[in-house]
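Student: I should like a close look at a single part of this model, followed by a connected account of how that part sits within the whole.

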Amino acid sequence: MSTEKKEIFERVENMLQTQGFTIAAKDDTRPWGGFFVIDETQAQDFANQYFDGIDVDSLRIGGKLSPKILIVAPEARLSWQYHHRRAEIWQVVEGTVGIKRSYTDEEGELKEYGPKDQVKLQQGERHRLIGLEGWGIVAEIWQHTDASNPSDEDDIVRVQDDFGR
């Protein structure tokens, strides 16, 4: 792992711990960067910190909510993907990122988002998070749509992937 990647993960981990969040999982091995999963019981605290205090009950669709922090490397792209069992809400925390969206398998136009910009992705909507010049940090809440079968990392349909996954 590069020194720069290691440093940003350590900084974000320290920030989350200082804010009182319990990190349920961490993955710094993704080729595009990685993520931190926050304990689901802290969804409202997470929303207060990163989503201007949005009422998490208003985000519930069909089940629980799963807060995460995504870290995307410069000039790296997550897969062009969608999900069957979740919608998502993203808010940029740090840096500038690119996001492409579409309701078809054809990628939409690249739009740039900076700190405090928020994006709501519908279940089934294709999307791709893209690192631009610097590292990007994005707060994300998964909105599970099926209470009996919550979404997980396997609920990713990759239409295109730079890493052959």
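How many residues lie between E1 and E2 in the hairpin that they form?

Tutor: The model is a predicted one, and the answer for this part is that 2 residues separate E1 from E2 in their hairpin. The two strands pair in the antiparallel sense, and the pairing extends over 5 bridges. Within this pairing, Asp27 stands opposite Phe35 of E2.

Ala25 offers a convenient view of the hairpin from the side of E1, the strand that covers residues 23-30. Not counting residues up to four places away in sequence, Ala25 touches Phe35, Phe36 and Val37. Ile38 is 13 residues from Ala25 in sequence, and the C-alpha atoms of the two are 7.2 Å apart in space. Ala25 has a relative accessibility of 34%, which means that it counts as partly exposed, since the partly exposed class lies between 20% and 50%.

The partner strand E2 comprises residues 33-38, and 6 of its 6 residues are buried. The cover extends to both faces of E2: Gly33, Phe35 and Val37 are buried on one side, and Gly34, Phe36 and Ile38 are buried on the other. Phe35 and Val37, two of the residues that Ala25 touches, thus belong to one side of E2, whereas Phe36 belongs to the other.

E2 also pairs with E3. These two strands run antiparallel and are joined by 5 bridges, with Phe36 standing opposite Ile69 of E3. E2 therefore has pairing partners in both E1 and E3.

The loops on either side of E3 each hold a residue with an unusual backbone angle. Most residues other than glycine have a negative phi. Asp52 departs from this pattern, with a positive phi near 55°. Asp52 is found in the loop that runs from helix H2 (43-50) to strand E3 (65-72), and its relative accessibility of 55% places Asp52 among the exposed residues. Glu75 likewise has a positive phi, near 60°, and is found in the loop between E3 and strand E4 (80-82). The relative accessible area of Glu75 is 70%, so this residue too is exposed.

To place the hairpin within the whole, one may turn to the protein chain. It has 2 helices and 11 strands, which follow the pattern α-β-β-α-β-β-β-β-β-β-β-β-β along the sequence. The radius of gyration is 15 Å, close to the 15 Å that the globule rule gives for 165 residues, so the chain is as compact as a globular protein of that length. The C-alpha trace spans about 40 × 35 × 25 Å along its principal axes.

Buried residues account for 50% of the 165 residues in the chain. Among contacts between residues at least 6 apart in sequence, 74% join residues at least 24 apart. The accessible surface comes to about 7800 Å², and carbon and sulfur atoms contribute 44% of it. As for charge, the chain carries 20 positive and 31 negative side chains, and the centres of these two sets lie 2 Å apart.

Definitions and conventions: Residues numbered from 1 in each chain as written. Predicted model: local features only at pLDDT ≥ 70, side-chain atom pairs only at ≥ 80, totals over all residues. Heavy atoms only, no water. Helix = DSSP H or I, 4+ residues; strand = E, 2+ residues; numbered from the N terminus. Buried < 20%, exposed > 50% of the residue type's maximum accessible area, 1.4 Å probe, protein only. Rg over C-alpha atoms; globule rule 2.2 N^0.38 Å. Contact = heavy atoms within 4.5 Å. Areas by Shrake-Rupley, 256 points an atom, 1.4 Å probe, with all protein chains shown as cover. Lys, Arg positive; Asp, Glu negative; His and termini not counted. Charge placed at Lys NZ, Arg CZ, Asp CG, Glu CD. Pairing = 2+ DSSP bridges.
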